[in-house]
Amino acid sequence: MDPLNYNIRIKAFLDPDDQGENEDLSTYPANTFQHFDATTSIKMNCTTATSQIVLNSLFLDFDESTTSLKKGNKDVGISSVYFDKDLEQVTIMLNEEIKEE
């Protein structure tokens, strides 16, 4: 997979008194409450047939419930999302193989 385009939206929370609606502050080290929320869409070119996508994920949290994939206008089903903390990667397993066009 070769990335062609990234569309990234970032919302920074710099005020310790405003950390967003559902933020769990217990996960933050002392005095480091500042964080950001972000969403991204990545347009990719499939160069080799595959049924998985591996992304680097150092310091990123993925919300499996909002992770989706499309091939053109067609949804591609995701069977599982696996996080490897040692490799600092997330692997998205697909219900079907996607192929180069």
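This is a short tutorial dialogue on reading a predicted protein model.

Student: What should I know before I start?

Tutor: This is a predicted model, where local features need pLDDT of at least 70 and side-chain atom pairs count only at pLDDT 80 or more, while totals for chains, interfaces and linings use all residues. Residues are numbered from 1 along each chain as its sequence is written, and side-chain values use heavy atoms, with hydrogens and water left out.

Student: How many helices and strands does the protein have?

Tutor: Helices (H or I, at least four residues) and strands (E, at least two) are DSSP runs, numbered from the N terminus. Here there are zero helices and seven strands, so from the N terminus the elements read β-β-β-β-β-β-β.

Student: Which strands make up the open sheet, and in what order?

Tutor: Two strands pair if DSSP finds at least two bridges between them. In this protein, three strands form an open sheet in the order β3-β7-β6, with antiparallel pairing. At the edges are β3 (50-56) and β6 (78-84), each pairing on one side only. From one strand to the next, the twist averages 20 degrees; the axes behind such angles are lines fitted to C-alpha atoms, for helices over the stretch in contact, and angles run from 0 to 180 degrees between N-to-C directions.

Student: How many bridges hold β7 to β3?

Tutor: Strand β7 (residues 89-98) and β3 pair in the antiparallel sense over six bridges. For one spot to look at, find Thr 50, which stands opposite Ile 98 in β7. On the other side, β6 and β7 also pair in the antiparallel sense, over six bridges. There, Phe 83 has Val 90 in β7 as its bridge partner.

Student: What lies between β6 and β7?

Tutor: Those two strands form a hairpin with four residues between them. Most residues other than glycine have a negative phi. Glu 88, in the loop between β6 and β7, has a positive phi near 60 degrees.

Student: Is Glu 88 buried, exposed or partly exposed?

Tutor: Buried means under 20% relative accessible area, exposed over 50%, and partly exposed in between (1.4 Å probe, protein chains only). Glu 88 is partly exposed, because its relative accessible area is 36%. Try Phe 59 too, in the loop between β3 and β4 (70-71): with 76% relative accessibility, Phe 59 counts as exposed. Its C-alpha is 9.7 Å from that of Lys 85, and the two are 26 residues apart in sequence.

Student: What does Thr 50 in β3 touch?

Tutor: Contact means heavy atoms within 4.5 Å. Leaving aside neighbours within four places in sequence, Thr 50 is in contact with Met 1, Leu 94, Glu 96, Glu 97 and Ile 98. Thr 50 counts as buried because its relative accessible area is 17%. Its side chain also reaches the backbone oxygen of Gln 52 at 2.9 Å.

Student: And where is Thr 91?

Tutor: Thr 91 lies in strand β7, and it is buried too, at 14% relative accessible area. With neighbours within four places set aside, its contacts are Gln 52, Ile 53, Val 54, Ser 80, Val 81 and Tyr 82. Take Gln 52: its C-alpha is 6.6 Å from that of Thr 91, though they are 39 residues apart along the chain.

Student: Which residues make up the largest nonpolar core?

Tutor: A nonpolar core is a set of buried Ala, Val, Leu, Ile, Met, Phe, Trp, Tyr and Cys residues joined through side-chain atoms within 4.5 Å. The largest one has seven residues: Cys 46, Ile 53, Leu 69, Val 76, Ile 92, Leu 94 and Ile 98. Strand β7 gives the largest share of this core, three residues. Leu 69 touches Ile 53, Lys 74, Asp 75, Val 76, Ile 78 and Leu 94, not counting residues up to four places away in sequence.

Student: What about the protein as a whole?

Tutor: Of its 101 residues, 16% count as buried. Among contacts with a separation of 6 or more, 60% come from residues 24 or more positions apart.

Terms used
Polar contact = N/O pair within 3.5 Å; in protein donor to acceptor, adjacent residues only side chain to side chain.
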